[in-house]
Amino acid sequence: MRVFLTVLTILFLAAADTIAQSQSDVTKTVEETIDTEKATQEGHDQWAKEKASLVLRLRTARANVDYLTKKKELEMSKAEALSKSIAELERRLDESARLRASLQDTLSALLERLETWTESDLPFIMDERRARLAGLRDEIVNPNTIGAEKLRLILQALQIETNYGNTVEVTQAEINLGGEELFVDILRLGRVSIFWRTTDGTRVGEFDRARGYWVELPEKYGRPIAETMEMAARIRPVEVVSLPLGRIEP
């Protein structure tokens with residue numbers, strides 16, 4: 001009986017140890033499971049944070065891509081418009097250069113005609129007129145003078161020459177009368193005729209446009225020429241006088 005009890009005691013103790021070991025294993029397993037679940041949850045939380053960060057970065061990147069794409073399109077539009085503007089400016093520059101060259105040729109031709117016309121015109125204040133044209137010639141060939149200013153100077157010279165046709169004046173000059181040098185009073189009637197008279201009033205004449213030199217007129221024209229000079233100088237009232245306009249036949 002005592003042996004039986006001893007065996008039972010041993011079996012009970014062995015069972016108790018087994019149960020205790022099983023409980024310990026279960027506890028360890030539970031703890032390990034909890035730790036695993038905790039680690040897993042922490043991993044999920046960390047991944048969720050990383051995912052949210054990645055999603056935010058992706059959205060930001062997409063927004064930047066959209067912004068940069070639109071900006072690129074805008075810059076390309078600006079570049080295209082700028083290219084067109086540059087092309088238009090280049091075209092205008094080429095056209096301007098062509099017009100400047102054409103204007104220069106035209107102005108030079110006008111000046112040459114004006115010089116030729118002046119030399120073939122009635123010979124009055126020639127030194128002044130030639131000096132004006134010489135100065136104009138310098139400006140026409142001057143590359144620093146703009147085309148508009150050259151044109152203005154040409155038109156101004158033409159206006160001055162035109163105005164000579166509408167004025168009457170008395171000046172003094174030296175003329176060559178058939179080889180004889182005479183200092184005389186000159187009466188210019190616009191561009192119609194030029195008459196001369198010696199300072200003592202004894203001789204009168206005119207410039208023969210057809211023959212291109214000075215000639216002497218009969219004495220009978222002395223009085224009307226003198227009266228016309230006085231009217232031009234405004235020391236005599238204006239009245240009708242008879243002057244030989246044109247070539248005098250002998």
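Tutor: Contact here means that heavy atoms lie within 4.5 Å. The model is a predicted one, in which local features need pLDDT of at least 70 and side-chain atom pairs count only at pLDDT 80 or more, whereas totals for chains, interfaces and linings use all residues. Residues are numbered from 1 along each chain as its sequence is written, and side-chain values use heavy atoms, with hydrogens and water left out.

Student: Of the contacts in the protein with a separation of 6 or more, what percentage is accounted for by residues 24 or more positions apart?

Tutor: The set considered is restricted to contacts with a separation of 6 or more. Within that set, the share of residue pairs 24 or more positions apart is 43%.

Student: Which pattern does the protein follow along the sequence?

Tutor: Helices (H or I, at least four residues) and strands (E, at least two) are DSSP runs, numbered from the N terminus. The protein has 4 helices and 5 strands. Read along the sequence, they give the pattern α-α-α-β-β-β-β-β-α.

Student: How many residues of helix α4 are buried?

Tutor: Buried means under 20% relative accessible area, exposed over 50%, and partly exposed in between, using a 1.4 Å probe and protein chains only. Across the 250 residues of the protein, 22% count as buried. Helix α4 (residues 222-232) is mostly covered, and among its buried residues are Ile-225, Met-229 and Met-231. Of the 11 residues in α4, the number buried is 8.

Student: Which strands are included in what covers the buried residues of α4?

Tutor: The buried residues of α4 include Gly-222 and Pro-224 as well as Thr-228. The cover over the buried residues of this helix includes β1 (168-177), β2 (180-189), β3 and β4.

Student: Is Thr-198 buried or exposed?

Tutor: Thr-198 lies in strand β3, which spans residues 193-198. Leaving aside residues up to four places away in sequence, Thr-198 touches Val-184 and Arg-203. Its relative accessible area is 9%, and therefore Thr-198 is classed as buried.

Student: What relative accessible area does Arg-209 have?

Tutor: Arg-209 is placed in the loop between β4 (204-208) and β5 (213-216). Not counting residues up to four places away in sequence, Arg-209 touches Asp-121, Leu-122, Arg-191 and Val-192. Arg-209 is nevertheless partly exposed, with a relative accessible area of 41%.

Student: What distance separates the C-alpha atoms of Arg-209 and Ile-194?

Tutor: Along the chain, Arg-209 and Ile-194 are 15 residues apart. In the model, their C-alpha atoms are separated by 9.2 Å.
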